[in-house]
Amino acid sequence: MSASTHVRSAVNANEPRKERVLLLIAATAALCGLLFGYDTGVISGALLFLKKDFGLSAFAQGVVTSAVLAGAAAGAGFSGRLADRFGRRRMVIAVAILFLVASLITGLAPDVTWLVIGRVLAGVAIGICSYAGPLYISEIAPAIRRGALVSLNQFLITVGILLSYLTDYLFANGEHWRWMFGVAAVPAIILWAGMLVLPESPRWLAQQGQHALAREVLERVRSSAEAEGELAVIATHAGGGQTRWAELLSPQYRPALVIGMGLAIFQQITGINTIIYYAPTIFQLAGFDSAAQSILATAGVGAVNVLMTIVSVRLLDRTGRRPLLLTGIAGMIVSLTALGFVFQLGSHSAAFGWLAVVSVMLYVGSFAISLGPIFWLLISEIYPLRIRGVGMGVATMTNWSFNLLVALTFLVLVDSLGPGYTFWLYALVSISSFLFSYYLVPETKGRTLEEIGEVIRHRKG
Ligand code: BGC
């Protein structure tokens, strides 16, 4: 038996109750992912009816759609220090309330101004939750199970996207767009109530000098001996007062900053959200005439996203992050190239529509085992405790800003270059993302967060 298998079987092996507590903690915080996926996906269907009810111009539709992304970038950018100052748990509780308020405002919006206000607030909540959830889980999970537990968040993002497509479909008949937005209040309430009874992150507590409390929390999810050992390591890395932004640029933290921001940019500019936000349009461009057929194919793509994320969650702690990351990005390069050919060579016909669907499914499946979960996982792992909140906030803000950029430029690119060249452009960007990951992204499997910090610091030297 290898050392890591030995450790794996040892952790909580005789304490299934602690295992269950751990899973419950991770699953509750991962509701952040569900709200993230739902609130970003819901607009595609709702827009059809909003357009009619409020008489939205093309520009106004763009504003309503991108309000969430802009809000998310701002929310993530400004809140990193708050997560370091007030704690991860309190951040998530505050954000759950914000989600609730935002879903009520959008659901009841009397006019387009309120709608945009509600969407910006939902965006701010998503932006904060998208890193605060993984951050909290990574700091409470044991090293050997961290990959799977943190990636529950990405799993629920994909479930949230799929649920939003299904809800849109369900409410479409009665044109009930208010309900499409309003139902997000339900997971927000569960997240809020759940976080109220969950403990604070033990690593954050130790950073605040509250070692006794940190031990108490660790002992709820580890054996006493493990808790003791882990706390000793955490204590040597904790302390040092308030974090400042400028510290991120200091030579010791710069490598982590580069990896986090690089992955944030590549996760978006390799084009995933052209599919998530515009799949029905793409399928119609490729040859499907019926809207129903395009929407059905889109739901199929959503399902592939969920299924392949499950595969990734199961493999991350066994094969490691790097093999999945590199294999997945290679799959994205191949499928984007194929999609480009479908548009370049194809005549507009149902057969080519299906070829596009297969390429898109291969592409989304490849993203779902790699850049999807691994970006959010790695940014929760690579920053030393002292700068973790700020570091994750900056990486997350970068991710949402590039998400916005792609959402705003995709249709313009399709208009000017044509869809074939547009997808080839994303294939080229994916090649750069492969090289970036190959040369710069470290393996973090099985290491404690403190060991990862050491590895990255040494590579700098
Ligand atoms: C990305 C989102 C994307 C989603 C698709 C997430 O990891 O950050 O931008 O929509 O994956 O599953």
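This is a short tour of a predicted model, with a selection to make at each stop.

**Stop 1: an enclosed helix**

Start by selecting helix 3, residues 31-41. How many of its residues are buried? The count is 11 of the 11, so helix 3 is largely enclosed by the rest of the structure. Among the buried residues are L31, C32, F36, Y38 and D39. Keep G41 in view, since it is also buried and leads to the next stop.

**Stop 2: D168 and its neighbours**

Now select D168, which you will find in helix 8. Is D168 buried or exposed? With 6% relative accessibility, D168 counts as buried. Setting aside residues up to four places away in sequence, D168 touches G41, V42, S44, G45, A46 and M180. For a sense of scale, draw a line from the C-alpha atom of D168 to that of G353: the two are separated by 23 Å, and these positions lie 185 residues apart along the chain.

**Stop 3: a loop residue**

Follow the chain past helix 8 (146-172) to E175, in the loop that comes before helix 9 (177-182). Its phi is near 55°, a positive value in a residue other than glycine. E175 is partly exposed, with a relative accessible area of 33%.

**Stop 4: salt bridges**

The whole structure holds 14 salt bridges. Here are three to pick out.

- Select K18 and E15, whose side chains meet with 3.1 Å from N to O. K18 is buried at 12% relative accessible area, whereas E15 is partly exposed at 24%.
- Next, select E139 and R88, where the closest N and O atoms are 2.8 Å apart. E139 lies in helix 7 (residues 112-140) and R88 in helix 6 (residues 88-108), so the pair ties together parts that are 51 residues apart in sequence. Both partners are buried: E139 has 0% relative accessibility and R88 has a relative accessible area of 1%.
- Then select E230 and R203, with 3.2 Å between the closest N and O atoms. This pair links helix 13 (residues 224-237) with helix 11 (residues 202-207), at positions 27 residues apart. E230 is buried at 14%, and R203 is buried at 2%.

To finish this stop, show D84, R88, E139 and R388 together: salt bridges with shared partners join these residues into one network.

**Stop 5: a buried arginine**

Select R321, in helix 17 (residues 321-345). R321 counts as buried, at 1% relative accessibility. Beyond its neighbours within four places in sequence, its contacts include R146, G147, I374, E381 and K445.

**Stop 6: two helix pairs**

Colour helix 15 (residues 272-286) and helix 18 (residues 350-369). Their axes come within 9 Å and cross at roughly 170°, so the two helices are roughly antiparallel to each other. On the helix 15 side, I272, I275, F283 and A286 meet helix 18 residues including F352, A356, Y363 and F367.

Now compare helix 20 (residues 388-417) with helix 21: they pack at about 130°, with axes 7 Å apart. Helix 20 and helix 21 are therefore oblique to each other. Where they meet, helix 20 supplies V406, F410, L413, V414 and L417.

**Stop 7: a nonpolar patch**

Stay with helix 21 (residues 419-440), which gives the most to a nonpolar surface patch, with 8 residues. What is the area of this patch? The patch covers about 960 Å², and its members include V258, L417, Y421, L425 and L440. Y421 lies in helix 21 and is partly exposed, with a relative accessible area of 48%.

How values were computed:
Residues are numbered from 1 along each chain as its sequence is written. This is a predicted model: local features need pLDDT of at least 70, side-chain atom pairs count only at pLDDT 80 or more; totals for chains, interfaces and linings use all residues. Side-chain values use heavy atoms; hydrogens and water are left out. Patches are made of residues with over 30% relative accessible area and no salt bridge: like charges are joined within 9 Å, nonpolar side chains (Val, Leu, Ile, Met, Phe, Trp, Tyr) within 5 Å. Accessible areas come from the Shrake-Rupley method with a 1.4 Å probe; for residues, only the protein chains shown count as cover. A salt bridge is a side-chain nitrogen of Lys or Arg within 4 Å of a carboxyl oxygen of Asp or Glu. Helices (H or I, at least four residues) and strands (E, at least two) are DSSP runs, numbered from the N terminus. Buried means under 20% relative accessible area, exposed over 50%, partly exposed in between (1.4 Å probe, protein chains only). Contact means heavy atoms within 4.5 Å. Axes are lines fitted to C-alpha atoms, for helices over the stretch in contact, and angles run from 0 to 180 degrees between N-to-C directions. Angles under 35 degrees count as roughly parallel, over 145 as roughly antiparallel, 65 to 115 as roughly perpendicular and the rest as oblique.
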